[in-house]
Structures are given as C-alpha cells and as structure tokens.
Amino acid sequence: MQSVWAYPAGIGYQGQEQAALTGFTLTAPDGIVGQVERQVDESGMQHLVVDTGVWVFGKSVLIPAGIVVAIDTGAQTVAVIHTRDEIKAAPRFTLDSQTTEPAYLTEGGNYYATLERSAPL
C-alpha cells in the first residue's frame, strides 16, 4: 500500500514544483468539497488544506495527497476518492500549525488509511 502522505504515481503529479494547486477546486465523488488554500509538499507529509466554505461550518480540512485520484490543471480541479461525509468525519485541526505536527498527521493518516481498505485507489 502506498503512503497516504504522497501523491499516487499514476496521477502524474508529485508536488508543487510542477504547478501549485492553490485555488483549485477539490471534488469528491458526491460533489465539491471546497477550494485548496495551501499545500505542503514536504516528503512524508504531502497534503492539501482545503477551505470547505459553509458545508463544514466554514472550517478547513486536511486532505492527504494519497487520496487524490486526479488533477486537471486546465479545469483547475483536484479529485479525491473519498466522499464528502468521509472527509467531514476526518480529524479536525484547531490551529493551522497543527497541519504539520506529527501527532495530528498520525491521527489523520490513520483515519484515511482505514478508509482506504474499504475504498480502492
């Protein structure tokens, strides 16, 4: 199984050196999740921070790079394998700085790794 913290090899994107994803729309199989606010491309912790707007009470969510299934730079969209409800149920961060803390990343990674067993990449 690949790391939840790295972009899958098959999508043709490995990090920000190719094109920044900030401002792209993140989509799930059941609809739009929100807009990419920022991305972290450090080895072992690649992820996106997405502003969900009002559907998660105006909160941002962390999206591990490993759940991304497609990136369309022309349409400026990033697609993920998990549903909006699965993303909404993921562990939340309170402070933006938590998105690079090992304890939070472990908690989030464990949550998404559990989902991966029931939803093939």
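Here is a friendly exchange about the sheet, the core and some side-chain pairs in this predicted model.

Me: Let's start with the sheet. What makes E4 and E5 the edge strands?
Reply: The sheet is open, has 6 strands and follows the order E4-E3-E2-E1-E6-E5, with mixed pairing. E4 and E5 each pair on one side only, which is what puts them at the edges. Neighbouring strands are turned by 35 degrees against each other on average, with direction ignored.

Me: How do you know that E5 and E6 pair?
Reply: Pairing asks for at least two bridges between two strands. E5 (residues 68–72) and E6 (residues 77–80) are joined by 4 bridges and run antiparallel, so they count as paired. Within this pair, Ala 70 stands opposite Ala 79 in E6. The hairpin of E5 and E6 has 4 residues between the strands, and there Gln 76 takes a positive phi near 55 degrees.

Me: And what joins E1 to its partners, E2 and E6?
Reply: With E2, E1 shares 4 bridges in the antiparallel sense. Ala 28 has Gly 31 in E2 as its bridge partner, and the hairpin of E1 and E2 has 2 residues between the strands. With E6, E1 pairs in the parallel sense over 3 bridges, and Thr 25 has Thr 77 in E6 as its bridge partner.

Me: On to the rings. How many aromatic pairs does the structure hold, and why is the one between Tyr 7 and Tyr 13 called edge-to-face?
Reply: The structure holds 3 aromatic pairs. For Tyr 7 and Tyr 13, the ring centres are 4.9 Å apart and the planes stand at 85 degrees. The cut-offs are 6.5 Å for the centres and over 60 degrees for edge-to-face, so this pair earns that name. Tyr 111 and Tyr 112 form another edge-to-face pair, with 5.1 Å centre to centre and 80 degrees between the planes. As for burial, both Tyr 7 and Tyr 13 are buried.

Me: Why does Tyr 112 count as buried?
Reply: Buried means under 20% relative accessible area. Tyr 112 has 1% relative accessibility, so it counts as buried. Leaving aside residues up to four places away in sequence, Tyr 112 touches Val 4, Leu 62, Ile 63, Pro 64, Ile 67, His 82, Ile 87 and Ala 90.

Me: Which residues have the most contacts inside the largest nonpolar core?
Reply: They are Tyr 7, Leu 48, Ile 63, Ile 71 and Tyr 112, in a core of 34 residues. E1, E2, E3, E4, E5, E6 and H2 each supply at least two residues of this core. H2 gives the most, with 5 residues.

Me: How do you know that Asp 96 and Arg 38 form a salt bridge?
Reply: The cut-off is 4 Å between the side-chain nitrogen and the carboxyl oxygen. The side chains of Asp 96 and Arg 38 meet at 2.9 Å, N to O, and the count for the structure comes to 1 salt bridge.

Me: What does this pair tie together?
Reply: Asp 96 lies in the loop between helix H1 (84–88) and helix H2 (102–116), while Arg 38 lies in strand E2 (residues 31–40), so the pair ties together parts that are 58 residues apart in sequence.

Me: Why are Asp 96 and Arg 38 described as partly exposed?
Reply: The class runs between 20% and 50% relative accessible area. Asp 96 is at 43%, so it is partly exposed. Arg 38 is at 23%, and therefore also counts as partly exposed.

Note on methods:
Residues are numbered from 1 along each chain as its sequence is written. This is a predicted model: local features need pLDDT of at least 70, side-chain atom pairs count only at pLDDT 80 or more; totals for chains, interfaces and linings use all residues. Side-chain values use heavy atoms; hydrogens and water are left out. Rings of Phe, Tyr and Trp (its six-membered ring) pair if their centres lie within 6.5 Å; planes under 30 degrees apart count as stacked, over 60 as edge-to-face and the rest as tilted. Buried means under 20% relative accessible area, exposed over 50%, partly exposed in between (1.4 Å probe, protein chains only). A nonpolar core is a set of buried Ala, Val, Leu, Ile, Met, Phe, Trp, Tyr and Cys residues joined through side-chain atoms within 4.5 Å. Contact means heavy atoms within 4.5 Å. Axes are lines fitted to C-alpha atoms, for helices over the stretch in contact, and angles run from 0 to 180 degrees between N-to-C directions.
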